[in-house]
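Please take a first look at the chain shown here. A short tour of its parts comes after it.

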Amino acid sequence: MKKPLTLLAVLFLCVTVAAAGPKAQSGNILSHTSVACGTKKSKKQDIDLLCQQYVVRSGTTDYTIRQPKPSEQPIIPLNTAIEFKLDNNKMKFKVDGKSFEFIVISQAAASSPTAAPTSSAPNHQ
């Protein structure tokens, strides 16, 4: 009788953990650039295709994210606050009701703002 009860408890715990999924995090769009991400063949020449690349700061981490493939999509304004979820190497979020999915290119420790220089010289009047 104990064995089925233990099995049921373990199964319930596994389902609860699996259903939780990735946790939402908050961040801000810091910068935007357009980067080359492929070419398109034309009759007479190759046309470079551009993808949007952003830096998102979340707490103490900066994420560099890029469109997975070239597409027409609006540019997200700088300093836009977002709620995102990380799933493997993808970042998913919504801005103004439109869903976005980007590939995480890199992550790094956020650079701290530089402190104002202090003078060690005495103040003579």
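This report goes from the overall layout to the strands, then to one loop residue and a group of rings.

## Overall layout

The model is predicted. Its protein chain has 1 helix and 6 strands. Read from the N terminus, the order of elements is α-β-β-β-β-β-β. The helix therefore comes before the strands, as that order shows.

The chain has 125 residues, and 20% of them count as buried. Its accessible surface comes to about 9,800 Å². Carbon and sulfur atoms hold 57% of that surface. Contacts also reach along the sequence. Among those between residues at least 6 apart, 53% join residues at least 24 apart.

## Strand S1 and its partners

Strand S1 covers residues 25–41. It pairs with strand S2, residues 46–58, through 11 bridges. The two run antiparallel. A hairpin of 4 residues links S1 to S2. Lys41 of S1 has Asp46 as its bridge partner in S2.

S1 also meets S4. Here 4 bridges join the strands, again antiparallel. One residue to look for is Gln25, whose bridge partner in S4 is Phe84.

## Strand S3 and its partners

Which strands pair with S3? One is S2, in the antiparallel sense, over 6 bridges. In this pairing, Gln53 stands opposite Arg66 in S3. The hairpin of S2 and S3 has 2 residues between the strands. Within that hairpin, Gly59 takes a positive phi near 60°.

The other is strand S6, residues 98–109, joined to S3 by 6 bridges. S3 and S6 run antiparallel. Tyr63 has Gln107 as its bridge partner in S6. S3 is mostly covered, with 5 of its 6 residues buried.

## Gln67, a residue in a loop

Gln67 lies in the loop between strand S3 (61–66) and strand S4 (81–87). Is Gln67 buried or exposed? Its relative accessibility is 3%, so Gln67 counts as buried. The cut-off for buried is under 20%.

What does Gln67 touch, leaving out residues up to four places away in sequence? The list is Leu50, Cys51, Gln52, Gln73 and Phe102. Gln67 also has a polar contact with Ser71. That contact joins the two side chains at 3.0 Å.

## The aromatic rings

How many aromatic pairs does the structure hold? There are 5. In one of them, Phe93 and Phe100 are stacked. Their ring centres lie 5.6 Å apart, and the planes differ by 25°. The pair counts as stacked because its angle is under 30 degrees.

Both rings belong to buried residues. Phe93 has a relative accessibility of 4%, so it counts as buried. Phe100 is buried too, with a relative accessible area of 6%. Tyr54, Phe93, Phe100 and Phe102 form one aromatic cluster. Phe102, a member of that cluster, is also among the residues that Gln67 touches.

Phe100 has a charged neighbour as well. The charged end of Lys98 sits over the Phe100 ring, 5.8 Å from its centre.

Key: Residues numbered from 1 in each chain as written. Predicted model: local features only at pLDDT ≥ 70, side-chain atom pairs only at ≥ 80, totals over all residues. Heavy atoms only, no water. Buried < 20%, exposed > 50% of the residue type's maximum accessible area, 1.4 Å probe, protein only. Polar contact = N/O pair within 3.5 Å; in protein donor to acceptor, adjacent residues only side chain to side chain. Contact = heavy atoms within 4.5 Å. Phe/Tyr/Trp six-rings, centres within 6.5 Å; stacked < 30°, edge-to-face > 60°. Lys NZ or Arg CZ within 6 Å of the ring centre and 35° of its normal. Pairing = 2+ DSSP bridges. Areas by Shrake-Rupley, 256 points an atom, 1.4 Å probe, with all protein chains shown as cover.
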